[in-house]
Amino acid sequence: MANPIYKVIFHNQNQVYELYARAIYQSEMYGFIEVEEFVFGEKSQLVVDPSEEKLKTEFDSVKRSYIPMHSIVRIDEVEKEGTGKIVEVKGDKVTKFPFPSPMGQPRDTD
């Protein structure tokens, strides 16, 4: 396969994003994956998917996106692109990953 396409699935603010890209790298910024050369469905489609349109709008002027490794659910190399989408995560059955407190904030010292 000369020009691979990758399907990237990741969490972002109570939503699961599924998008397609031609280039994925481990970033020089520790803990991040770089995703670039986004691939979206054909503009000549008769039926417009609102979820994919939202994704196109969000990544319209983005050259490269840095996604935290702990947000990545899965990365697959695929034969051809599919339809990208954003899905709301509903329900309280999923426990959120604990994030460390922001740097520079004082800690409780009891």
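Guide: Let's start with a term we'll need: a salt bridge is a side-chain nitrogen of Lys or Arg within 4 Å of a carboxyl oxygen of Asp or Glu. Keep in mind, too, that you're looking at a predicted model.

Visitor: Okay, let me try that on Glu 18. How far away is the nearest side chain of opposite charge?

Guide: That side chain is Lys 85, and it sits 4.3 Å away. The cut-off is 4 Å, so Glu 18 has no salt bridge, even though it is buried.

Visitor: Then which side chain does Glu 18 have a polar contact with?

Guide: Tyr 20; the two side chains are joined at 3.3 Å. As for location, Glu 18 belongs to strand β2, which covers residues 15-26. Setting aside residues up to four places away in sequence, Glu 18 touches Lys 7, Val 8, Ile 9, Leu 55, Thr 83, Gly 84 and Lys 85.

Visitor: Let me step back. What pattern does the chain follow along the sequence?

Guide: Go from the N terminus and note each element in turn: here you get β-β-β-α-β-β-β. That amounts to one helix and six strands.

Visitor: And how do I read the contacts in the chain between residues at least 6 apart in sequence: what share join residues at least 24 apart?

Guide: The idea is to sort those contacts by sequence separation. In this chain, 63% of them join residues at least 24 apart. Tyr 66 gives you a concrete pair: Phe 32 is 34 residues from it in sequence, yet their C-alpha atoms are 5.9 Å apart in space.

Visitor: Which other residues is Tyr 66 in contact with, leaving aside its neighbours within four places?

Guide: Besides Phe 32, the list has Ser 27, Met 29, Ile 33 and Glu 34. Tyr 66 itself is in strand β4, residues 64-68. Its relative accessibility is 35%, so it counts as partly exposed.

Visitor: How much of the chain counts as buried?

Guide: Of its 110 residues, 29%. The accessible surface of the chain comes to about 8700 Å², with 51% of that belonging to carbon and sulfur atoms.

Visitor: Where should I look for the largest nonpolar core, and how many residues does it have?

Guide: For a core, you look for buried nonpolar residues joined through side-chain atoms within 4.5 Å. The largest one has twelve residues, among them Val 8, Phe 10, Tyr 17, Leu 19, Phe 38, Leu 55, Phe 59 and Ile 86. The elements giving two or more residues to this core are β1 (5-11), β2 and β3 (32-39).

Visitor: Back to charges. How many salt bridges does the structure hold?

Guide: Three. Arg 64 meets Glu 34 with a 3.3 Å gap from N to O. That pair links distant parts of the chain, as Arg 64 is in strand β4 and Glu 34 in strand β3, 30 residues apart. Arg 64 also forms a salt bridge with Glu 36, where the closest N and O atoms are 2.5 Å apart. Glu 36 lies in strand β3 and Arg 64 in strand β4, so this pair ties together parts 28 residues apart in sequence.

Visitor: Are Arg 64, Glu 34 and Glu 36 buried or partly exposed?

Guide: Use 20% relative accessible area as the dividing line, since buried means under that value. Glu 34, at 13%, counts as buried, and so does Glu 36, at 11%. Arg 64, at 32%, is partly exposed.

Visitor: Which residues form the other salt bridge, with closest N and O atoms 2.8 Å apart?

Guide: Asp 76 and Arg 74. Asp 76 is buried at 19% relative accessibility, whereas Arg 74 is partly exposed at 48%. If you group bridges by shared partners, Glu 34, Glu 36 and Arg 64 fall into one network.

Visitor: One last feature, the backbone. Where do I find a positive phi in a residue other than glycine?

Guide: Check Gln 13, with phi near 50°, and Asn 14, with phi near 60°. Gln 13 lies in the loop between β1 and β2, and Asn 14 is in that loop between β1 and β2 as well.

Visitor: And how accessible are Gln 13 and Asn 14?

Guide: Gln 13 counts as exposed, at 71% relative accessibility. Asn 14 comes in at 44%, which makes it partly exposed.

Definitions and conventions:
Residues are numbered from 1 along each chain as its sequence is written. This is a predicted model: local features need pLDDT of at least 70, side-chain atom pairs count only at pLDDT 80 or more; totals for chains, interfaces and linings use all residues. Side-chain values use heavy atoms; hydrogens and water are left out. Helices (H or I, at least four residues) and strands (E, at least two) are DSSP runs, numbered from the N terminus. Buried means under 20% relative accessible area, exposed over 50%, partly exposed in between (1.4 Å probe, protein chains only). Contact means heavy atoms within 4.5 Å. Accessible areas come from the Shrake-Rupley method with a 1.4 Å probe; for residues, only the protein chains shown count as cover. Lys and Arg count as positive and Asp and Glu as negative; His and the chain ends are not counted. A polar contact is a pair of N or O atoms within 3.5 Å; within protein, one must be able to donate a hydrogen and the other to accept it, and residues adjacent in sequence count only if both atoms are side-chain atoms.
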